[in-house]
Amino acid sequence: MDHNFYCEHGRVILIPLKKENVEQVRRLRNLPHIREWFNYSEEISEEEQSKWFTRYLSDSTDYMYVAFLKNNPKQFVGTYASYNLDTEKRAIEVGRLMVDSQNISERGIGYDVVAAGIKIVFENLPVDTITGEVFADNVRSMRCSLEGGKFRITGKKNVEGREVLLLSITRQQYLNEER
């Protein structure tokens, strides 16, 4: 969806995904150490990414962000997204966390990306609950979600033989954490 939500948090700036960032996102997504954490882990072609971006622009429930370093706003460091907005249930899912840890020397950037993404949702969307899913063996993403996003683990499921943890945070929990 074409949106204008923006957030600075910690060391990062999250801005809306634009056409000029799509190739950066595809290259990052195709790195073996990144794509192994996605349900669909095959490499994505330029054509597939272009088709995805066209669908994304027409989906009013999907908000994709690209992250840059605050002290170097041209340095792309990753992505985050909120999607499947359900205004009746006042809920949304988050994910698609990717951090280019091989090209940045600072540690913990994912924490800042997740915290900024959660802040954007609760400050801009009619949402009371944010949910997410993470592979149980994806320790980095889990740590970013639990520490940066202040998520709680609410359950588990199995996806093609891999354990997936179900995460959630409510607006009230978020507000209590901010105090």
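Which residue of β5 stands opposite S82? In this predicted model, the residue facing S82 is V94, and that contact is a handy place to begin a tour of the sheet. Strand β4 (residues 72-86) runs antiparallel to β5, and the two are joined by six bridges. Together β4 and β5 make a hairpin with four residues between them. Within the turn, R90 has a positive phi of about 55°.

On to the next neighbour of β5. Strand β6 (residues 129-135) pairs with β5 in the parallel sense, over four bridges. Here V94 appears again, with G132 of β6 as its bridge partner. Between β5 and β6 the chain passes through helix α4 (residues 109-124), giving a β-α-β crossover that is right-handed. As for solvent exposure, β5 (residues 91-99) is mostly covered, with seven of its nine residues buried.

The aromatic side chains deserve a look of their own. Six aromatic pairs are found in the structure. One of them, W52 with Y56, is stacked, with 5.4 Å from centre to centre and 15° between the planes. These two residues are separated by about one helical turn, because they lie four residues apart in helix α3 (residues 46-58). Y56 counts as buried because its relative accessibility is 2%, below the 20% cut-off. W52 and Y56 also belong to one aromatic cluster with F53.

Two arginines, finally, are placed over aromatic rings. The charged end of R96 sits over the ring of Y83, 4.3 Å from its centre. R29 lies over the face of F38, at 4.8 Å from the ring centre.

How values were computed:
Residues numbered from 1 in each chain as written. Predicted model: local features only at pLDDT ≥ 70, side-chain atom pairs only at ≥ 80, totals over all residues. Heavy atoms only, no water. Buried < 20%, exposed > 50% of the residue type's maximum accessible area, 1.4 Å probe, protein only. Pairing = 2+ DSSP bridges. Right-handed = clockwise from strand over helix to strand, strands pointing away. Phe/Tyr/Trp six-rings, centres within 6.5 Å; stacked < 30°, edge-to-face > 60°. Lys NZ or Arg CZ within 6 Å of the ring centre and 35° of its normal.
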